[in-house]
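The questions and answers below take the wording used for this structure and ask how each label was earned.

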Amino acid sequence: MLEIRGLMVFYENALAINNINLNCQGEKVTGVFGANSAGKSTLMYTISGIILDVKKKEEMKGGERITVLGSIAFDGMDITHMKPSERARRGIILCPERRRIFPESSTLENLKIGAYLATSIQAKKTLDYVFTIFPPLKNLKNREGGFLSGGEQQMLAIGRALMAQPKLLLLDEPLLGLSPLMEVMLARSIRDINAQTGISILITEQYARPILPIVHYGYILENGGAVLQGTSQELMENPDVKSAYFGL
Ligand code: ATP
């Protein structure tokens, strides 16, 4: 469903993404693992198209020059130069790093904001689903987003992205800053969302545990390049991955 070929992204002369080829298969979970600054967020911005907005803004204010080379195809269509809003309409929805919920809006308002691409029937159905997959949110419907715990905010961020009716959900470091228990619970919910809805998921994380076991296929990113790839099993059995990403 998503095919990335020869992708390169430069911030001025600094190479952030170095010749990446990456596929996301329909109805599967794909993982991208890499340390700080490996290029995970840049990859997500490039797939969602937000990088094109940043590029335009930088050009208007005479800031840094951002260059994107290579190609991205989604469901067989070249989307490399497509506006982010158009990509969202086609089902590519980004749940950004650090959650970015609206802190002064209630849980329910945050979720409804996410439904801007949904019909009212879809919105109602998805809202019910969000409360099923993330039960704590149901009791926190009227609480301001800013007063939710980190884990609850992450549930809300994923819930809001689901409200936008994704075909491909991009989760950028969803476990960042959460407790080990919450990490395990969220990883399970992400796996369940994929299994129950068939939504394809691309997920980035710094640490392989506990996401690597729930992906179907994964890539290891180093300095902007994909240095290793394989099924979850293959990566888990790889000695380099074990030592670098599991501390074994
Ligand atoms: P983190 O885990 O810290 O979020 P990341 O894997 O998401 O890291 P990116 O944020 O994509 O990595 O950064 C990739 C590289 O691009 C880094 O070297 C970073 O310093 C650089 N970079 C990111 N954004 C910009 C920018 N706006 N201008 C210049 N360089 C940038």
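A residue is called buried when its relative accessible area is under 20%, exposed when it is over 50%, and partly exposed in between, with a 1.4 Å probe and protein chains only. This is a predicted model, in which local features need pLDDT of at least 70, side-chain atom pairs count only at pLDDT 80 or more, and totals for chains, interfaces and linings use all residues. Residues are numbered from 1 along each chain as its sequence is written, and side-chain values use heavy atoms, with hydrogens and water left out.

Q: Why is Asn223 called exposed?
A: The relative accessible area of Asn223 is 69%, and because the label asks for over 50%, Asn223 is exposed. Asn223 sits in the loop between β9 and β10 (225-231), where strands (E, at least two residues) and helices (H or I, at least four residues) are DSSP runs numbered from the N terminus. Its phi is positive, about 45 degrees, although Asn223 is not a glycine.

Q: Why does Asp75 count as partly exposed?
A: Asp75 has 43% relative accessibility, which is neither under 20% nor over 50%, so Asp75 falls in between. Asp75 belongs to the loop between β4 (66-74) and β5 (77-78), and as a residue other than glycine with phi near 50 degrees, Asp75 also has a positive value.

Q: Why is Ile158 called buried?
A: Ile158 has 0% relative accessibility, and because buried means under 20%, the label applies. Ile158 is placed in helix α7. Leaving aside neighbours within four places in sequence, Ile158 is in contact (heavy atoms within 4.5 Å) with Cys95, Phe134, Leu169, Leu171, Leu186, Ile190 and Ile193. The C-alpha atoms of Ile158 and Leu171 are separated by 7.9 Å, while the two residues are 13 residues apart along the chain.

Q: What makes a group of residues a nonpolar core?
A: The residues must be buried Ala, Val, Leu, Ile, Met, Phe, Trp, Tyr or Cys, joined through side-chain atoms within 4.5 Å. The largest such core has 50 residues, and Phe134, Ile158 and Ile201 are those with the most contacts inside it. Helix α7 (residues 150-163) gives the most to this core, with seven residues. Another core, of 28 residues, lies apart from it, and includes Ile4, Ile20, Cys24 and Ile79.

Q: Why does Ser189 count as buried?
A: At 12% relative accessibility, Ser189 is under the 20% limit and therefore counts as buried. Ser189 has its place in helix α8 (residues 180-197), and apart from neighbours within four places in sequence, Ser189 is in contact with Ile133 and Phe134.

Q: Why does Glu183 count as partly exposed?
A: Glu183 has 22% relative accessibility, which is not under 20% and not over 50%, so the label in between applies. Glu183 is in helix α8 and, not counting residues up to four places away in sequence, touches Leu175, Leu178, Arg209 and Pro210.

Q: What joins Arg209 and Pro210?
A: Arg209 and Pro210 are joined by a cis peptide bond, with omega about 0 degrees. Pro210 is placed in the loop between β8 (200-205) and β9 (217-222).

Q: Why is Tyr207 called exposed?
A: With a relative accessible area of 53%, Tyr207 is over the 50% limit and therefore exposed. Tyr207 lies in the loop between β8 and β9. Tyr207 and Gly34 are 173 residues apart in sequence and, C-alpha to C-alpha, 7.4 Å apart in space.

Q: How do you know that Glu64 makes a polar contact with the ligand?
A: A polar contact is a pair of N or O atoms within 3.5 Å; within protein, one must be able to donate a hydrogen and the other to accept it, and residues adjacent in sequence count only if both atoms are side-chain atoms. A polar side-chain atom of Glu64 lies 2.8 Å from a nitrogen atom of the ligand, so the pair is within the limit. For Ser41, a backbone N or O atom lies 2.8 Å from an oxygen atom of the ligand.
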